[in-house]
Amino acid sequence: KVHLPQGTYRITSALVIKTGVHIEGDGVEGTIIKFDGTGTGNAVIRSDNYATFAAKSPQIGYEQDDLASPDPSTPSPQAPHSFTISDITLDGGYDYFPGDASVGSGNRSANGLQLCAYGYTLRDLRVRNCREDGIYSKWQVQFGTPGPMRTMEARYTNVVVSKIGQNGIMFYGPHDSHWNS
């Protein structure tokens with residue numbers, strides 16, 4: 001468990017969340033993680049192995065063998081699972097709304113969350129000021145399958161996405177997920 005006390009944490013590259021990690025703040029607007037880097041395609045938080053799993057566009061999807069290892073003795077990568085992000089605001093730092101003092105300036109342009117994962121929980125979370133997507137979530141069977149003691153479903157509770165340049169939430173799974181406000 002990683003606890004971030006109240007305050008604003010400025011980052012210049014994405015935080016990577018791995019299986020079993022729980023990131024907890026001191027409340028929405030109490031703990032803020034703000035992107036302060038440059039460039040495009042960044043994120044405030046992204047799942048481990050995101051680049052591997054998101055290599056193709058969601059409209060095309062993955063071919064069955066895209067993630068299979070050419071060497072059968074080497075396992076294919078496993079998507080992260082069983083993690084939590086709670087009681088935090090993620091700020092992409094994008095000045096999409098000139099004159100708004102709550103956003104950044106210049107070439108800051110991070111997405112909020114980029115997830116290729118399953119069985120995760122987002123609770124009491126705000127995502128704001130992102131140039132592209134507030135939340136991008138994707139899951140396919142090639143990412144790995146939950147064992148008998150794991151759940152595939154993601155859980156979204158009290159999640160708010162606002163001030164986004166393109167897509168608030170792009171959700172391509174995991175299927176059967178739970179959304180509560």
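Which residues is N111 in contact with, leaving aside its neighbours within four places in sequence? In this predicted model, the contacts of N111 are G41, N42, A43, V44, C130, E132 and D133. N111 lies in strand β8. The residue is buried, and its relative accessible area is 2%. Buried is the right word because the limit is under 20% relative accessible area. The side chain of N111 also reaches across to D133. There the backbone nitrogen of D133 is 2.8 Å away.

The setting of this residue begins with the chain as a whole. The protein chain has 13 strands and one helix. Along the sequence, the order is β-β-β-β-β-β-α-β-β-β-β-β-β-β. The chain has 181 residues, and 43% of them count as buried. Among contacts with a separation of 6 or more, 73% join residues 24 or more positions apart. The accessible surface of the chain is about 8700 Å². Carbon and sulfur atoms account for 48% of that surface.

Strand β8 has a partner in β6. These two strands pair in the parallel sense, over four bridges. N42 stands opposite A110 in β8. Strand β6 pairs with β3 (residues 15–17) as well, again in the parallel sense, over three bridges. Here V16 has R46 of β6 as its bridge partner. Strand β6 is mostly covered, with six of its six residues buried.

The largest nonpolar core holds 25 residues. Within this core, I45, L90 and L113 touch the most other members. Six strands each supply at least two of the core residues: β5 (31–35), β6 (42–47), β7 (84–91), β8 (110–116), β9 (121–130) and β11 (155–164). Strand β9 gives the most, with four residues. Another core lies apart from this one. That second core has eight residues, including F53, C116, Y136 and W139.

I45 shows how the largest core is joined up. Residues up to four places away in sequence are not counted here. On that basis, I45 touches L15, I17, I23 and I33. I45 also touches I85 and L90. The list is completed by G112, L113 and Q114. Of these, L90 and L113 are, with I45, the core residues that touch the most other members.

Key:
Residues are numbered from 1 along each chain as its sequence is written. This is a predicted model: local features need pLDDT of at least 70, side-chain atom pairs count only at pLDDT 80 or more; totals for chains, interfaces and linings use all residues. Side-chain values use heavy atoms; hydrogens and water are left out. A nonpolar core is a set of buried Ala, Val, Leu, Ile, Met, Phe, Trp, Tyr and Cys residues joined through side-chain atoms within 4.5 Å. Buried means under 20% relative accessible area, exposed over 50%, partly exposed in between (1.4 Å probe, protein chains only). Contact means heavy atoms within 4.5 Å. Two strands pair if DSSP finds at least two bridges between them. A polar contact is a pair of N or O atoms within 3.5 Å; within protein, one must be able to donate a hydrogen and the other to accept it, and residues adjacent in sequence count only if both atoms are side-chain atoms. Accessible areas come from the Shrake-Rupley method with a 1.4 Å probe; for residues, only the protein chains shown count as cover.
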